[in-house]
Amino acid sequence: MSEKKPKIIVFDLDYTLWPFWVDTHVTPPFIKRKKDEIVDAHGQIIRHYKDVPDILNKLSEEGYELGVASRTSEIKGAKQLLNLLDWEKYFKYKEIYPGSKTTHFSQIKKLSNVEYKDMMFFDDEQRNISDLNKVGVLSILVKNGMTHEVIDHGLKKFSKL
């Protein structure tokens, strides 16, 4: 019997994929200056957690459908960063707007026809983890940004459901 795997893996953005709040810590518009350097309107260099590009690429190559769910009010800036980081190609589902994460997930469920029990979510805020665990989405608390260890822990936990 093969290991149980999620059909969709969803990530929060702020303090999960990158170490800041896009609506308060950086100032759009963002500009790509060099191959791998993105800056905000004040010239502040935008960084992401080190393992994230490799994690997204690996999950995508392994055939997982990926999504983002963010409650930020800086919708345009968040989407611009996903584009400049060349990450939007990985995300089939992009629910980026203020409100409850359960609203984001109900939209993902509607668009994908995938049940909550077949989804997995990574977020840095316990309230979001609690809300989604209640509806049946296996949700993993991210304490210091996404790493290979965090994704591996989540996938192992999911396989045992």
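Helices (H or I, at least four residues) and strands (E, at least two) are DSSP runs, numbered from the N terminus. Just after helix α3, Asn113 has a positive phi of about 60°.

This is a predicted model, in which local features need pLDDT of at least 70, side-chain atom pairs count only at pLDDT 80 or more, and totals for chains, interfaces and linings use all residues. Residues are numbered from 1 along each chain as its sequence is written, and side-chain values use heavy atoms, with hydrogens and water left out.

Helix α3 covers residues 101-112, and its end C-alpha atoms lie 16 Å apart, which agrees with the 16 Å expected for 12 residues at 1.5 Å a residue (the expected span is 1.5 Å times one less than the number of residues). Its buried residues (under 20% relative accessible area, 1.4 Å probe, protein chains only) are Lys101, His104, Phe105, Ile108 and Ser112. Seen down the axis, they fall within an arc of 90°, so they line one face of the helix; the arc is that of the directions from the helix axis to the C-beta atoms.

The elements below are among those that cover the buried residues of α3.

| Element | Residues |
|---|---|
| β1 | 8-11 |
| β5 | 65-70 |
| β6 | 91-96 |
| β7 | 119-123 |
| α4 | 126-135 |

His104, in α3, has a relative accessible area of 0%. Its side chain reaches the backbone oxygen of Tyr97 at 2.9 Å. Beyond four places in sequence, His104 is in contact (heavy atoms within 4.5 Å) with residues including Ala69, Arg71 and Glu95.

Note on methods: Buried < 20%, exposed > 50% of the residue type's maximum accessible area, 1.4 Å probe, protein only. Polar contact = N/O pair within 3.5 Å; in protein donor to acceptor, adjacent residues only side chain to side chain.
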